[in-house]
Amino acid sequence: MEDVKVGFIGFGLIAGSIAHALKETKKPYTIIATSRRIDPILKAKEDGIVDTACECIDDNFKDCDIIILCTPVVTITSYLCKLKSIIKPGCIITDVGSVKTIIHKEVSKLGLDNCFIGGHPMAGSEKTGYENSSSAILNNAKYIITPTPLTTMEQLNFFQDFVRDTTAKPLIMDYETHDRTVAGISHLPHLISTALVKVVSENDDPEGHMHCLAAGSFRDMSRVAASSPEMWEQICISNSDAISGLLGQYIDILNEIKTNLDNKTPGYVASLFEDSRHYKLDKKVD
């Protein structure tokens, strides 16, 4: 394997975890990184994870074989514009954002369909920052790949091999399917979690009995409510159409549950649990 130069723009939890994983392969990956804050990159260089620390996008990125945008979705457009004029022929630009449609549309506007491949590692933590990064975060995680109409098979194969080197499992889908899927399994649950915490906190008594007695089910449901508020606002706004459609259906189901509880409908709750139980148990997990 020839030396592969990997550029990171933004260097938090996911970027750091990818970089850790690449270095642990012992393959010739050279890692170049820049970020709004230079301190995490300097620490990563001290750790032997980053080879070249940059204060901005400079000439070091001109030789990259792959550049990974690890910044908030709302800032990715500006970086795409900067990279368009400096990348070498054959360089692949990718991202790790959890929303794809808005990015792919901007890629098309900029005429970058021939060098962009969307990416989304389905991994993470409530904790943020390089200091909490680890290759273990990516181990066996699904890594969604969203090619463009101009992505070549050679590019796709290269990127899939790159993903496998992070110990994640590549899964290819179109960007619209991706956004609807993550709206249901990630974005909506985060909103539901925060809403649940809000309801419980506003209905707890002065002695805090709900907080005191909360056990496994509430902890599991409320865990993701501790995630970054700023990041989740950006994600939800960027994928608002897909989330809103599913949220409307969820509200309809909640109203149906309330009506049946108010009417004490025999068998309704049991059938609701039974339907959900079968979906969970029958779901195939690789």
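This passage describes the strand pairing and one surface patch of a predicted model. Local features require pLDDT of at least 70, side-chain atom pairs count only at pLDDT 80 or more, and totals for chains, interfaces and linings use all residues. Residues are numbered from 1 along each chain as its sequence is written, and side-chain values use heavy atoms, without hydrogens and water.

An open sheet is formed by 5 strands (E, at least two residues, DSSP runs numbered from the N terminus). Their order is β3-β2-β1-β4-β5, and the pairing is parallel (at least two DSSP bridges between two strands). β3 (52–54) and β5 (92–95) stand at the edges. Each has a single partner strand, so one side of each lacks a neighbour in the sheet. Strand β2 (residues 29–34) is joined to β3 by 3 bridges. Thr-34 has Cys-54 in β3 as its bridge partner.

Strand β7 (residues 142–146) pairs with two strands described here. With strand β6 (residues 118–121) the sense is antiparallel, over 4 bridges. Gly-118 is bridged to Thr-146 in β7. With strand β8 (residues 169–172) the sense is parallel, again over 4 bridges. Lys-142 stands opposite Lys-169 in β8. Of the 5 residues of β7, 4 are buried (under 20% relative accessible area, 1.4 Å probe, protein chains only).

Leu-247 lies in helix α10 (residues 240–262; H or I, at least four residues). Its relative accessible area is 31%, so Leu-247 is partly exposed (between the buried limit of under 20% and the exposed limit of over 50%).
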